[in-house]
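This briefing goes through pockets, helix packing, a salt bridge and backbone geometry in turn. Please keep the structure open alongside the text while reading.

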Amino acid sequence: MTATPPRLEHETPRRRSPYPLWFYAPVAVIYGTLFLFPALSSVWFSLTRWTLFEANFIGLDNFRAFFREPFLVQGLVNTVVFGFVTSGLKTVLGLLLAVLLTSGIAARDFLRSVVFFPVLVSTIGVGIAFTAMMHPTQGVINEGLAILGVKGPGWLTDPHIALLSVAAVDVWKGVGLATVIFIAGIVSIPKDYYEAARIDGARSLAQFTYVTLPLVRPATVTVVILSFISGLRTFDLVWAMTKGGPGFASDVVASVIYKQYQAGFYGLSTAGNVILFVLIAALALPLYAFLNRGEDRS
């Protein structure tokens, strides 16, 4: 073992050069320009009554007005429901499809492409297509149910199921991405674990429960968080299919913000953006911490 030579008394400790830190400068400029400055500006404008030409500071009046209006609160509730429903369904269906598409099923590669295809389609296009398919009298879905002797509901006209109908379409469009993430997690599991489980007599269900589920947990966390945030931020699909209707039954925070902006209430719509940001952070961060509990334990 080589001994470290003692430092002479007249030697001064070497200072770390700041040169590597300069490589962060371009990223800091881009981040500050495209994210930090607009975010801080949004907070400021949410405290004002502003137009394109002037802004008058009014404090928290916009936030009070936001929570005072019943349909705005309804949009907040719908957003949370939409986020949880779509995230849960994408996670469950994505995992089941990933297990199926990593098995020995025929035409596996083709089916993977089919499952992922809706992710590539325009959201507005999907919304328009399903709006026609879900028409209460002329839609192909209700016409198919009528052949079976079942009277189809008003998928987008019934206030009790309109939001869930849009959520179902969102799941159809987004489950392909969840499936791909799960497939990547499953194929990264060493085959030795499955061979050991088979030697111990574990059947397919036991292998899924005690091998696949625990080892695919990082992929599960990724799918849940990404799907949940996407659900909370949803706008284009809701606007293309229902525009928040009937009434305010399927309004989400993003569609409410857009309606307020269309009406000229710019400060109120900006306050809604700030509230949406706080809502996403308040729900997604604790959820992420909950899903990752115990990961850092030795």
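A crossing of two helices is called left-handed if the near helix is turned anticlockwise from the far one by less than a right angle, and right-handed if the turn is clockwise. In this predicted model, the crossing of α3 and α7 is right-handed. The points below start from that helix pair and then move to the two pockets with the largest volumes, a salt bridge within a helix, and the backbone of the loops.

**Packing of α3 and α7**

- Two packed helices are described by the angle between their axes and the distance between the axes.
- For helix α3, which covers residues 70-101, and α7, the axes come within 6 Å and cross at roughly 40°; that angle makes α3 oblique to α7, since angles under 35 degrees would count as roughly parallel and those from 65 to 115 as roughly perpendicular.
- When the residues in the contact of α3 with α7 are sorted by class, 20 are nonpolar, six are polar and two are charged.

**The largest pocket**

- The volume of the largest pocket is about 480 Å³, and of the 18 residues that line this pocket, Phe35, Ala39, Asn273, Val274 and Phe277 are the closest to its centre.
- Two or more residues of the lining are given by each of α1 (25-45), α12 (253-262) and α13 (266-291), and the largest share, eight residues, comes from α1.
- By class, the lining of the largest pocket holds 15 nonpolar residues, two polar residues and one charged residue.

**The second largest pocket**

- The second largest pocket contains about 390 Å³ of space; it is lined by 18 residues, of which Lys90, Asp170, Lys173, Gly174 and Ser230 are the closest to its centre.
- Here the elements that give two or more residues to the lining are α7 (162-187), α10 (217-232) and α11 (236-241), with the largest share, six residues, coming from α7.
- The lining of the second largest pocket divides by class into eight nonpolar, five polar and five charged residues.
- Helix α7 therefore appears twice in this briefing, as a contributor to the lining of the second largest pocket and as the helix to which α3 is oblique.

**Salt bridges**

- Three salt bridges are found when the whole structure is searched.
- In a salt bridge formed by Arg64 with Asp61, the closest N and O atoms are 2.7 Å apart.
- Arg64 and Asp61 both belong to helix α2 (residues 61-68), and because they are three residues apart in that helix, about one helical turn separates them.

**Backbone geometry in the loops**

- Most residues other than glycine have a negative phi, and most peptide bonds are trans.
- Gly245 and Pro246 are joined by a cis peptide bond, with omega at about -5°, and Pro246 is found in the loop between α11 and α12.
- Lys243, whose place is also in the loop between α11 and α12, has a positive phi of about 55° although it is not a glycine.
- Ala107, which is not a glycine either, has a positive phi of about 55°, and its place is in the loop between α3 and α4 (108-120).

Conventions. Residues are numbered from 1 along each chain as its sequence is written. This is a predicted model: local features need pLDDT of at least 70, side-chain atom pairs count only at pLDDT 80 or more; totals for chains, interfaces and linings use all residues. Side-chain values use heavy atoms; hydrogens and water are left out. On a 1 Å grid over the protein atoms alone, a cavity is a set of points where a 1.4 Å probe fits but cannot get out, and a pocket is an open set with protein on both sides within 12 Å along at least five of seven lines; lining residues have an atom within 4 Å of a point. Grid points are joined across faces, edges and corners, and a volume is the space filled by probe spheres set on the points. Helices (H or I, at least four residues) and strands (E, at least two) are DSSP runs, numbered from the N terminus. Ala, Val, Leu, Ile, Met, Phe, Trp, Tyr, Cys and Pro count as nonpolar, Asp, Glu, Lys and Arg as charged, and the others, Gly among them, as polar. Axes are lines fitted to C-alpha atoms, for helices over the stretch in contact, and angles run from 0 to 180 degrees between N-to-C directions. Angles under 35 degrees count as roughly parallel, over 145 as roughly antiparallel, 65 to 115 as roughly perpendicular and the rest as oblique. A salt bridge is a side-chain nitrogen of Lys or Arg within 4 Å of a carboxyl oxygen of Asp or Glu.
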